[in-house]
Amino acid sequence: MFRFLVRRLAAIVPTLFFVSILIFGLQQLLPGDPAIAMAGEERDPNVVAYLRGKFHLDEPLPVRYGYWLKGVLHGDLGDSVRIQRPVSELIVEKLPVTIELALLAMTIAIVIGISAGIVSAVFKDTPVDYAANVFALWGLSTPNFWLGILLILLFAVKLGWLPASGYVSPFEDLRANLASMIMPAFVLGNAFAAVLMRHTRSAMLQVLSSDYVRTARAKGLDERVVVLRHALRNALTPVITLGALGLGELLSGAVLTEQVFSIPGFGKLIVDAVFNRDYLVVQGVVLFTATVYVTLNLVADIANVLVNPRMRG
Amino acid sequence: MAAAIPANGIAVPRELSPWQRALRRLVRRRGAMVGLAVVVFFVVLALFAPWISPYDPLATSWSAVRKAPGAAHYFGTDEIGRDVLARVIWGARASLMAGVISVSISLAIGVPIGLAAGYIGGWLDMLISRFTDAMLACPFLILAIALAAFLGPSLANAMIAIGIAATPIFIRLTRAQVLAVKVEDYIEAARAVGNSQLRIALRHVFPNIVAPLIVQATLAIAAAVIAEASLSFLGLGQQPPAPSWGSMLNTAKNYVDQAPWMAVWPGLSIFLLVLSFNLLGDGLRDALDPRHV
C-alpha cells in the first residue's frame, strides 16, 4: 500500500506541473499589455505598476513563470484587483458555501441515481427500466440553469413553498438554510444522478449475471438479499471513482447554479471576477479547482485499492 | 436484400460493408432516428431562419412588452417587445454553430495530437499524455469560462474556448484507439511491404479509429451546445442584442414571475437539441460498436 501511495503521489507531480503551466499560460491570452488588461476598467496607474512588478512583466517568460510558481507554492495567488484582498483568502471564505451545496447535491444524486440504477437493472426491459432510462436521458440533457428557473417558477412563484434565491448560513438558521439550498442542490445533483444511474445499472447488470450471484440464488436466498447484499456491494466499486470525480464536477457545475439562485459561493466568485476583469481571481479559482480535482482522483484511487487490493498494480 | 444469382441458380446474399451494416443497425434504432429527425428540424430552422422567422429577432415594440403567447406572437414577447419565437428560431443558429464549430476545433487539434502520441510513442507520448491529464484536471466548464474570460466575451471566443476545453477527450480517445489498432496484423503487413510511417498512420490506422471518434463527436456536440448556452447565460458567449438561447434565459430569469414563457421556449429548445444529439450519439455507439449493446 505504501509503495502504491508513493507511486501515485509521484504521478501527481508532473500533472500539477502541467496544470500550473496551463493556468499561467491563460495570462498570455490577454490581448496587449497584461498589466493594463488585468488592472480593470479604471486602469489605475498604481495598480498597473503593482501588477507589472508583481508579475515581473519586464522579465522573460520562463523567469516570470518561475516567480509565479514560487508564489503559488507559498500559497500566494496574488491580490484581487477589485476587492483588494488576497485571492486565497477569498477562496477560503466562499468555499464552505459551495462545499455545502455540492455535498447536498451529491447526497441527492446518490439517493436518486443509485436507487434508480438498481431498480432499472433488477427490472430490466420492463416499463420501470424504460422510465429510469428516460429519467437518465432527461438528466443528461437538461441545462441546470433552465431547470433552476423552472423550479423557481413552480416552488417559489406559484406555490410559495421555497425562497426563490439567497442564502442563509446553517449556523444562523438550519431550517432556513435547508429551505434555501434544497432547490439548488436538486438542480446541481440532477445531471449527476443520471450519470450514477447509468453506471449503477450497467455494473448491476454485469454482476447480476455472474456465477456467484447465480450460486446465491441457487442456494435459495431471498432475491432482496441477493441484490442488496451480494450484487450491490461489488457493483458499487466502479461507482466510488465516479463519486469522487463527481464531487469535482459538482464544484464546477455550482458556477451556474449559484448564479441562478444568487448563492454567494465559489462559483459566483469566479463569475463576478470575470465581469470585473479580476483575472487573478479567475486564475486562482481554476488552479484551486484543478488541485481539488487531482486530489479527489487520488482519493478515488486509494478508496478503490482499499476495496479491491488487486488494483494496486 | 440485394442478391447475386450465380451460375448454379442459388441466390447468395451480397456481402455488406461494415459501414453499411452499421447504417442498417442505426436505422433500426428508433431513439436514434427520432434524435436525427429533431436535429434535422433544428438545422432547417437555423438555415432558413430569415424565411421562417415571423418577425425580425431584433425588432422591439414598446406596445407589445411581455405579451403572453397568442395569435400575434405564438411564443409571446420579451421585456422589450421582441418576438420570442423569432429569437428562438435565430438562436438555433448560434447553438448549432457553436456545437459544430467547437467540436470541429477539438477534432482538428485533438485527433492529430492523439494520433502522434499513440503512433510515435516514447517521450512525445509521455509529454502529450501529461499535458492531457493537466487539461482534464480542470473541470470542463471552469476551463471554458476561464478561457472565454481571458479571450474576451463573444460567440467566436466562446466556440474557441469550448473547442479547446473539449480537446483532451479527443486526444485521449484517439491515442487509446491508435494503441489498440497499431498492434493489429494488417498494420504489421503494411509495414512489411514498405509503407512509410506517415502513410501507415493516415491510410491504415486512421480509417480504423474513425467510428469511436464519430460517436464521441456527436455526444460532444450535445455537451458543446449546453456549454455555449451556459457561457451565453453567464454573458460570455453571444452578446446582446443578437439572439442566443442562453442569453435569452439569462434575461428571462429576471421576469420569471411576470413572463414565464420567456424562459420556457429557449430552455425547451436547448433541452430538445441536446437530447436529440444524445439519442443520436447513443444510437451511433450501438450501431458502430455492437459489442457495446
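Q: How many helices and how many strands does chain A have in this predicted model?
A: In this predicted model, the elements of chain A run from the N terminus as an unbroken series of α. Strands are absent from chain A, and the count is 13 helices and zero strands.

Q: What share of the residues of chain A count as buried?
A: The C-alpha trace of chain A spans about 80 × 60 × 35 Å along its principal axes. Among its contacts between residues at least 6 apart in sequence, 70% join residues at least 24 apart. Of the 313 residues of chain A, the share that counts as buried is 42%.

Q: Which secondary structure elements make up chain B, and how many of each are there?
A: From the N terminus on, chain B begins β-β and then continues with α elements. Its C-alpha trace spans about 75 × 60 × 30 Å along the principal axes, and 49% of its 293 residues count as buried. The secondary structure of chain B comes to twelve helices and two strands.

Q: Which helix supplies the largest share of the side of chain A that touches chain B?
A: The contact takes 39 residues from chain A and 36 residues from chain B. On the side of chain A, α1, α6 (127-141), α7 (144-158), α11, α12 and α13 each supply at least two residues. By class, this side has 30 nonpolar, eight polar and one charged residues. The largest share, nine residues, comes from α11(A).

Q: What span should helix α6 (residues 140-151) of chain B have, and what distance separates its end C-alpha atoms?
A: The helix has twelve residues, and the expected span is taken at 1.5 Å a residue. The expected span is 1.5 Å times one less than the number of residues, so the expectation for α6(B) is 16 Å. The end C-alpha atoms agree with this, being apart by 16 Å.

Q: Which elements are included in what covers the buried residues of α6(B)?
A: Eleven of the twelve residues of α6(B) are buried, and the helix is mostly covered. Among the buried residues are B:Phe140, B:Ile142, B:Leu147 and B:Phe150. The cover includes elements of both chains: α7 (155-181) and α10 (210-233) of chain B, together with α1 (2-28), α11 (237-260), α12 (266-275) and α13 (279-307) of chain A.

Q: Which residue just after α6(B) takes a positive phi?
A: The helix α6 of chain B covers residues 140-151. Just after it, a positive phi of about 110° is taken by B:Gly152.

Q: Are helices α11 (residues 245-252) and α12 (residues 261-288) of chain B roughly parallel or roughly antiparallel?
A: The axes of the two helices come within 9 Å and cross at roughly 150°, and α11(B) passes α12(B) in a left-handed crossing. Residues including B:Trp245, B:Met248 and B:Leu249 in α11(B) meet residues including B:Met262, B:Pro266 and B:Ile270 in α12(B). By class, this contact has eight nonpolar, three polar and no charged residues. An angle over 145 degrees counts as roughly antiparallel, and α11(B) and α12(B) are therefore roughly antiparallel.

Q: What is the handedness of the crossing of α5(A) and α8(A)?
A: The axes of α5 (residues 87-122) and α8 (residues 174-208) of chain A come within 5 Å and cross at roughly 35°. By class, their contact has 25 nonpolar, six polar and two charged residues. The crossing of α5(A) past α8(A) is right-handed.

Q: Is A:Gln84 buried or exposed?
A: A:Gln84 is found in the loop between α4 and α5 of chain A, and it has a positive phi of about 60° although it is not a glycine. A residue is exposed if 12 or fewer other C-beta atoms lie within 10 Å of its own. A:Gln84 has 8 such atoms, so it is exposed.

Q: How far apart in space are A:Arg82 and A:Glu42?
A: A:Arg82 is found in the loop between α4 (61-73) and α5 of chain A. With 17 other C-beta atoms within 10 Å, A:Arg82 is partly exposed. A:Arg82 and A:Glu42 are 40 residues apart in sequence, whereas their C-alpha to C-alpha distance is 10.0 Å.

Q: Which two residues of chain B are joined by a cis peptide bond?
A: The place of B:Pro241 is in the loop between α10 and α11 of chain B. Omega is about 10° for the cis peptide bond, which joins B:Pro240 and B:Pro241.

Note on methods. Residues numbered from 1 in each chain as written. Chains lettered and ligands numbered in written order. Predicted model: local features only at pLDDT ≥ 70, side-chain atom pairs only at ≥ 80, totals over all residues. Helix = DSSP H or I, 4+ residues; strand = E, 2+ residues; numbered from the N terminus. Buried ≥ 20, exposed ≤ 12 C-beta atoms within 10 Å, placed from the backbone. Contact = placed C-beta atoms within 7 Å. Nonpolar A, V, L, I, M, F, W, Y, C, P; charged D, E, K, R; others polar. Axes fitted to C-alpha atoms, helices over the stretch in contact; angles between N-to-C directions. Parallel < 35°, antiparallel > 145°, perpendicular 65-115°, else oblique. Left-handed = near helix turned anticlockwise from the far one by under 90°.
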